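Please load the model in a viewer and keep the selection panel at hand. The stops below are meant to be followed in order.

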Amino acid sequence: MASTPMMPPNADGSAPAAPPLPGTDMTSICFRDQLWLNTYPLDRNLVFDYFALSPFYDWTCNNEQLRARAIHPLDFSHISKMTGMEYTLSEVMEPNLFVIRKQKRDSPEKVTPMLTYYILDGSIYQAPQLCNVFAARLGRALYHISKAFGTASSKLEKIGYVESENDSQASETKPAKEAIDFKELKRVDHILASLQRKLPPVPPPPPFPEGYAPPSTSEPSENQQPETQPPPIDPIIDQGPSKRMKV
């Protein structure tokens with residue numbers, strides 16, 4: 001097997017930047033080389049050469065070793081005999097859509113998917129992790145639910161304040177309000193606790209893909225109100241193809 005080729009130097013002769021680590025979140029950017037698109041057709045034979053120009057490409061992959069040996073980088077008969085990081089073309093709808101999957105090969109039959117990229121009308125994007133999409137959607141739902149409860153609580157406090165003023169001004173001949181039955185309250189709490197004990201334990205969350213680094217989140221301060229925090233960024237709604245920074 002040929003040795004891993006070095007990354008080509010930059011145009012000014014300086015050392016090239018280190019390739020992105022496996023699992024690096026690059027969903028906020030996209031890549032497009034209009035000069036290349038005007039020169040070559042974007043099809044299944046040349047799409048990998050176009051993808052290799054983007055910052056999403058890992059120069060230490062097995063496909064690059066095949067390119068150094070003048071072998072097509074997506075030749076399955078060769079790449080299936082290698083181990084390590086590789087790219088494969090999973091779906092093709094020429095010339096508009098190409099889906100490229102980054103995976104780790106341990107044997108000819110065993111591969112572990114890592115990341116997915118897609119080329120849509122000549123622009124290259126990294127697909128968001130499914131766990132990030134779920135986390136963002138749940139975070140947004142909790143944010144709006146918390147905000148709704150806060151609004152309802154503030155309105156109920158105003159209503160209760162007005163009612164207390166009206167009660168103080170009314171005559172004292174009104175019968176006292178019905179007292180709370182603490183025995184009934186304890187009985188309901190006991191029933192709810194017994195039902196909760198019968199439920200199965202919550203399963204642990206699924207592990208992150210190997211090499212994936214989840215985005216860091218800062219802990220809110222004690223004095224910070226939860227209502228002031230904006231909802232989490234949605235990888236699909238807020239970082240869709242039309243909203244990504246081009247590089």
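Begin by selecting Glu-184 and Arg-187, which both lie in helix 6, three residues apart, about one turn of the helix. In this predicted model, the two side chains form a salt bridge whose closest N and O atoms are 2.7 Å apart. Glu-184 is partly exposed, with a relative accessible area of 36%. Arg-187 likewise counts as partly exposed, at 45% relative accessibility.

Remain on helix 6, which spans residues 182-198, and select Leu-192. Is Leu-192 buried or exposed? Its relative accessibility is 52%, so Leu-192 counts as exposed. Add Val-188, Ile-191 and Leu-195 to the selection: together with Leu-192 they form a nonpolar patch on the surface, with about 330 Å² of accessible area.

**The chain as a whole**

Next, colour the chain by secondary structure. Six helices and six strands should appear, and from the N terminus their order is β-α-α-α-α-β-β-β-β-α-α-β. Switch to a surface representation for the accessible area, which is about 17300 Å² for the protein chain, with 61% of it belonging to carbon and sulfur atoms. Of the 247 residues, 26% are buried. If a contact map is available, consider contacts between residues at least 6 apart in sequence: 53% of them join residues at least 24 apart.

**The nonpolar cores**

Hide the surface and select Leu-42, Tyr-50, Phe-51, Phe-56, Tyr-57, Tyr-87 and Ile-119. These are the residues that touch the most other members of the largest nonpolar core, which has 22 residues. The elements giving two or more residues to this core are strand 1 (29-31), helix 1 (34-39), helix 2 (47-51), strand 3 (97-105) and strand 4 (111-120). Which of the elements gives the most to this core? Helix 2 does, with four residues. A second core, separate from the largest one, has five residues, including Cys-30, Val-99, Tyr-118 and Tyr-125.

Now centre the view on Tyr-50 and display its surroundings. Leaving aside residues up to four places away in sequence, Tyr-50 touches Phe-31, Arg-32, Asp-33, Trp-36, Leu-37, Leu-42, Ile-119, Gly-122 and Ile-124.

**Aromatic pairs**

The whole structure contains 14 aromatic pairs. One of them, Phe-31 with Tyr-50, is tilted: the ring centres are 6.2 Å apart and the planes meet at 45 degrees. Phe-31 belongs to strand 1 and Tyr-50 to helix 2, so the pair ties together parts that are 19 residues apart in sequence. Both Phe-31 and Tyr-50 are buried.

For the next selection, take Phe-48, Phe-51, Phe-56, Tyr-57, Trp-59, Tyr-87 and Tyr-117, which ring pairs link into a cluster.

From Tyr-57, measure across to Lys-102. The C-alpha atoms of Lys-102 and Tyr-57 are 9.5 Å apart in space, while the residues are 45 apart in sequence. Lys-102 is part of strand 3. With a relative accessibility of 2%, Lys-102 counts as buried.

**Salt bridges between separate elements**

How many salt bridges does the structure hold? There are six. Select Glu-86 and Arg-105, whose side chains meet in a salt bridge with an N to O distance of 2.9 Å. Glu-86 lies in strand 2 and Arg-105 in strand 3, so this pair ties together parts that are 19 residues apart in sequence. Why do both partners count as buried? Buried means under 20% relative accessible area; Glu-86 counts as buried because its relative accessibility is 1%, and Arg-105 because its relative accessibility is 4%.

Move on to Glu-94 and Arg-44, another salt bridge, with the closest N and O atoms 3.5 Å apart. This pair links distant parts of the chain: Glu-94 is in the loop between strand 2 (84-93) and strand 3, whereas Arg-44 is in the loop between helix 1 and helix 2, 50 residues apart. Glu-94 counts as partly exposed at 41% relative accessibility, and Arg-44 is also partly exposed, with a relative accessible area of 44%.

For the last stop, select Asp-49, Glu-64 and Arg-67, which are linked in a network of salt bridges.

Key:
Residues are numbered from 1 along each chain as its sequence is written. This is a predicted model: local features need pLDDT of at least 70, side-chain atom pairs count only at pLDDT 80 or more; totals for chains, interfaces and linings use all residues. Side-chain values use heavy atoms; hydrogens and water are left out. Patches are made of residues with over 30% relative accessible area and no salt bridge: like charges are joined within 9 Å, nonpolar side chains (Val, Leu, Ile, Met, Phe, Trp, Tyr) within 5 Å. Accessible areas come from the Shrake-Rupley method with a 1.4 Å probe; for residues, only the protein chains shown count as cover. A salt bridge is a side-chain nitrogen of Lys or Arg within 4 Å of a carboxyl oxygen of Asp or Glu. Buried means under 20% relative accessible area, exposed over 50%, partly exposed in between (1.4 Å probe, protein chains only). A nonpolar core is a set of buried Ala, Val, Leu, Ile, Met, Phe, Trp, Tyr and Cys residues joined through side-chain atoms within 4.5 Å. Contact means heavy atoms within 4.5 Å. Rings of Phe, Tyr and Trp (its six-membered ring) pair if their centres lie within 6.5 Å; planes under 30 degrees apart count as stacked, over 60 as edge-to-face and the rest as tilted.
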